[in-house]
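User: Hi! I have a structure to go through and would like to talk it over, one question at a time.
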Amino acid sequence: MTPLSPVSIEEILAARDRIAGAALRTPLVRWNGEAPPGVEIHLKLECLQPIGSFKIRGAVNAIASADPERLAGGVYTASAGNMAQGVAWAARRRGIPCTVIVPEHAPSAKIRAIERLGASIEKRPFDAWWRVLAEHGSPERRDFFVHPVSDPGVIAGNGTIGLEIVEDLPDVDAVVVPYGGGGLSSGIACAFRARRPAARVFAAEVETAAPLFPSFAAGTPSVPSYAPSFVDGIGAKALLPEMWPMVRELLAGSIVVSLAETAAAIRTLVERHRVVAEGAGGAAVAAALTGKTGPGRIVAVVSGGNIDPEKLAIILTGGIP
């Protein structure tokens, strides 16, 4: 695949116009808990979007900016759940069919949400599902593929989060973003490059699936060990090669947190803020709480809230699902 280039601020501004009326301008609130010395944490609550995730931004923008003739036969995506909901939501809004290819371990809460939005679901083993991402679609399908990460329209839509952060907190020093494939972090970083170049963008990864951290250390994409966990929205067996050059250019580094730290962050979000976050959003908060961003005003992107109730119950009672 051809490496992707950063999207422009003009593309992000155009995306903001396209998604107006679909995606919410989510609140930025002050963290109501302990923080490292010299660190002031704020939360960007993307878990409050209509589908419970930031993915609505990129999905709506990618579909709205596509050639209408290519959309006539419907759309499909490959997603563990949140992008699936975004594409299904956008497809239903346009009155076109949608199919979602999901890995077999996709959470039941996300599967139910996809079904409620009227999309067809196709389950595949993880390796087969990952192949759809890596190859940008399935050769047997003829409908329009929306890549959940490596799509300029998706990245520009995600970049609208960066615009909102800088407008609401102009002196932001750093932002911590859950890292799945790089579409969210790179979109926000593109907006920051234009509007707040002094601020740094950090990825948040969990210890069971952290391909970015060793890649930064080695200066080249690395293949770490991988184990599925309740943190299903981020983490993979490898980096998408077309994303690596842009991610390496735009991000300040990766902060790896444990499953226990992630669960603790989710628990505190519920107890102190009455906010429900899924594992990926909890990982961003946990990473901000490490203090590894350095001092200053730090924003943690709570990317989504679509966690299985059964898993949330275990976390709230002090366990790790």
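User: Does Asn306 count as buried or exposed?

Analyst: Happy to help, and please keep in mind that this is a predicted model. Asn306 lies in the loop between β10 (296-302) and α13 (309-316). The cut-off for buried is under 20% relative accessible area. Because Asn306 has 15% relative accessibility, it counts as buried.

User: Which side chain makes a polar contact with the side chain of Asn306?

Analyst: Leaving out residues up to four places away in sequence, Asn306 touches Ile51, Gly52, Ser53, Asn82, Gln85, Lys110 and Glu278. A polar atom of the Asn306 side chain lies 3.4 Å from the backbone oxygen of Gly52, but that is a backbone partner. The side-chain partner, at 2.7 Å, is Asn82.

User: Thanks! Now the overall picture: what is the radius of gyration of the protein, and what does the globule rule give for 321 residues?

Analyst: The protein has 13 helices and 10 strands. For 321 residues the globule rule gives 20 Å, and the value for this protein is close to that, so it is as compact as a globular protein of that length. The C-alpha trace spans about 55 × 40 × 40 Å along its principal axes. The rule gives 20 Å, and the radius of gyration is 18 Å.

User: What percentage of the residues in the protein are buried?

Analyst: A residue is buried if its relative accessible area is under 20%. The protein exposes about 12100 Å², with carbon and sulfur atoms supplying 51% of that area. Of the 321 residues, the buried share is 61%.

User: Which strands stand at the edges of the open sheet?

Analyst: Four strands form this open sheet, with parallel pairing, in the order β5-β4-β3-β6. Two of them have a single partner strand each, so one side of each is left without a neighbour in the sheet. The edge strands are β5 and β6.

User: Through which helix does the chain cross from β4 to β5?

Analyst: Strand β4 (residues 98-103) pairs with β5 (residues 120-124) in the parallel sense, over five bridges. One of the bridge partnerships is Val102 with Lys123 in β5. The β-α-β crossover between these strands is right-handed, and the helix on the way is α5 (residues 108-116).

User: And at the β6 end, what is the bridge partner of Tyr76?

Analyst: Strand β3 (residues 75-78) and β6 run parallel and are joined by two bridges. In β6, the partner of Tyr76 is Phe145.

User: How many of the 10 residues of helix α2 are buried?

Analyst: The buried residues of α2 are Lys55, Ile56, Arg57, Gly58, Ala59, Val60, Asn61, Ala62 and Ile63. Their cover includes α1 (9-19), β2 (39-45), α3 (68-71), β3, α4 (82-94) and α7 (152-168). Helix α2 (residues 55-64) is therefore largely enclosed by the rest of the structure, and its buried count is nine.

User: Let's turn to His147. Which backbone nitrogen does its side chain reach?

Analyst: His147 is in the loop between β6 and α7, and at 2% relative accessibility it counts as buried. Its contacts beyond four places in sequence are Met83, Leu133, His136, Val154, Leu240 and Glu242. The His147 side chain reaches the backbone oxygen of Leu133 at 2.9 Å. The backbone nitrogen, reached at 3.0 Å, belongs to Val149.

User: What is the phi of His136?

Analyst: Most residues other than glycine have a negative phi. His136 is found in the loop between α6 (126-134) and β6 (144-145), and it is partly exposed, with a relative accessible area of 25%. Although His136 is not a glycine, its phi is positive, at about 55°.

User: Arg274 has a positive phi too. What is its relative accessibility?

Analyst: Arg274 sits in the loop between α11 (259-273) and α12 (279-289), and its phi is near 55°. The cut-off for exposed is over 50% relative accessible area. Arg274 counts as exposed because its relative accessibility is 67%.

User: One last one: how far apart in space are Glu249 and Ser5?

Analyst: Glu249 is in helix α10 (residues 244-250) and is partly exposed at 46% relative accessibility. Beyond its neighbours within four places in sequence, Glu249 is in contact with Pro6 and Arg193. Glu249 and Ser5 are 244 residues apart in sequence, and their C-alpha to C-alpha distance is 9.8 Å.

Key. Residues are numbered from 1 along each chain as its sequence is written. This is a predicted model: local features need pLDDT of at least 70, side-chain atom pairs count only at pLDDT 80 or more; totals for chains, interfaces and linings use all residues. Side-chain values use heavy atoms; hydrogens and water are left out. Two strands pair if DSSP finds at least two bridges between them. A crossover is right-handed if, with the strands pointing away from the viewer, the path from the first strand over the helix to the second runs clockwise. Buried means under 20% relative accessible area, exposed over 50%, partly exposed in between (1.4 Å probe, protein chains only). A polar contact is a pair of N or O atoms within 3.5 Å; within protein, one must be able to donate a hydrogen and the other to accept it, and residues adjacent in sequence count only if both atoms are side-chain atoms. Contact means heavy atoms within 4.5 Å. The radius of gyration is taken over C-alpha atoms; the globule rule is 2.2 Å times the number of residues to the power 0.38. Accessible areas come from the Shrake-Rupley method with a 1.4 Å probe; for residues, only the protein chains shown count as cover.
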